[in-house]
Amino acid sequence: MVAVASRIRLEDRECPLSTTVEHVGEWWTLLILHDAFDGYTRFDQFQESLGISSSMLTTRLKSLVADGLLERRPYQTNPVRHEYVLTELGHSLRPVIVALAAWGNSRLTPAERSMILIDAHNGEEVEPVVVDAKTGRRLDDSDTYVFTAGPAASDAMRHRYATRPAAPAEA
């Protein structure tokens, strides 16, 4: 596991949301991963697609490799050139990227959307949602689905969820 950077507050270091954001929350990182899902693997492809500086791209790619989301492998020997390929862990982030894009599109009219998700077999636009794997129910209802302390929670985390504010009463 990669050490958590010091930007995270001490009390958030065990929170999976905080530690995940530390790894993928920087916007260049999400855009690089999006390009990787679209098949980009080479430094120059990422740079051309994103218009990112060489130094920033180098930093972000090193971080993605260190975090185990991309693998750096040589594709040419003379001179040595590397490509960046999604790992299994990197591939597992695709639903997150899809959900973020879907959320962004949900705020636009269909005519304003510059990118949509389609079924590759029939070309039909799809509407991604996050659901519970057991029941198939949507997870966007924060009254029905709530976080609670897990088995590895510290006393502080257990206290946080034991004293969670009650939901506001409906009028």
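The exercises below, each with a worked solution, concern a predicted model.

**Exercise 1.** Describe the largest pocket by its volume, by the residues nearest its centre, and by the elements that line it.

*Solution.* Begin with the volume, which for the largest pocket is about 1600 Å³. Next turn to the lining, which is made up of 47 residues, and note that Val 96, Ala 99, Trp 103, Val 129 and Val 130 are the ones that lie nearest the centre of this pocket. Two or more residues of that lining come from each of helix 1 (16-24), helix 2 (27-37), helix 6 (94-106) and helix 7 (155-162). Helix 6 supplies the largest share, 10 residues. Finally, sort the lining by residue class, which gives 28 nonpolar, 8 polar and 11 charged residues.

**Exercise 2.** Find which helices give two or more residues to the lining of the second largest pocket, and state how the lining divides into nonpolar, polar and charged residues.

*Solution.* The second largest pocket has a volume of about 280 Å³. Its lining includes Trp 27, Leu 30, Leu 31 and His 34, and also Ile 97, Leu 100, Ala 101, Gly 104 and Asn 105, with Leu 108, Ser 114 and Met 115 completing the list. The elements that give two or more residues to this lining are helix 2 and helix 6, and helix 6 gives the most, with 5 residues. Sorting by class then yields 8 nonpolar and 4 polar residues, with no charged residue in the lining of the second largest pocket.

**Exercise 3.** Work out how strand 1 and strand 2 are joined, and say what is found at the peptide bond from Asn 78 to Pro 79.

*Solution.* Strand 1 covers residues 70-77 and strand 2 covers residues 80-86; the two run antiparallel and are joined by 7 bridges. To follow the pairing residue by residue, take Glu 71, whose bridge partner in strand 2 is Val 85, and then Pro 74, whose partner in strand 2 is His 82. The two strands form a hairpin, with 2 residues between them. Pro 79 lies in the loop that links strand 1 and strand 2, and the peptide bond leading to Pro 79 from Asn 78 is cis, with omega near -5°. As background to that last step, most peptide bonds are trans.

**Exercise 4.** Decide how helix 3 and helix 4 should be described relative to one another, and give the handedness of their crossing.

*Solution.* Take the axes of helix 3 (residues 43-50) and helix 4 (residues 54-66), which come within 11 Å and cross at roughly 120°. Because of that angle, helix 3 is oblique to helix 4. The handedness is a separate step, and the crossing of helix 3 and helix 4 is right-handed.

Terms used:
Residues are numbered from 1 along each chain as its sequence is written. This is a predicted model: local features need pLDDT of at least 70, side-chain atom pairs count only at pLDDT 80 or more; totals for chains, interfaces and linings use all residues. Side-chain values use heavy atoms; hydrogens and water are left out. On a 1 Å grid over the protein atoms alone, a cavity is a set of points where a 1.4 Å probe fits but cannot get out, and a pocket is an open set with protein on both sides within 12 Å along at least five of seven lines; lining residues have an atom within 4 Å of a point. Grid points are joined across faces, edges and corners, and a volume is the space filled by probe spheres set on the points. Helices (H or I, at least four residues) and strands (E, at least two) are DSSP runs, numbered from the N terminus. Ala, Val, Leu, Ile, Met, Phe, Trp, Tyr, Cys and Pro count as nonpolar, Asp, Glu, Lys and Arg as charged, and the others, Gly among them, as polar. Two strands pair if DSSP finds at least two bridges between them. Axes are lines fitted to C-alpha atoms, for helices over the stretch in contact, and angles run from 0 to 180 degrees between N-to-C directions. Angles under 35 degrees count as roughly parallel, over 145 as roughly antiparallel, 65 to 115 as roughly perpendicular and the rest as oblique. A crossing is left-handed if the near helix is turned anticlockwise from the far one by less than a right angle, and right-handed if clockwise.
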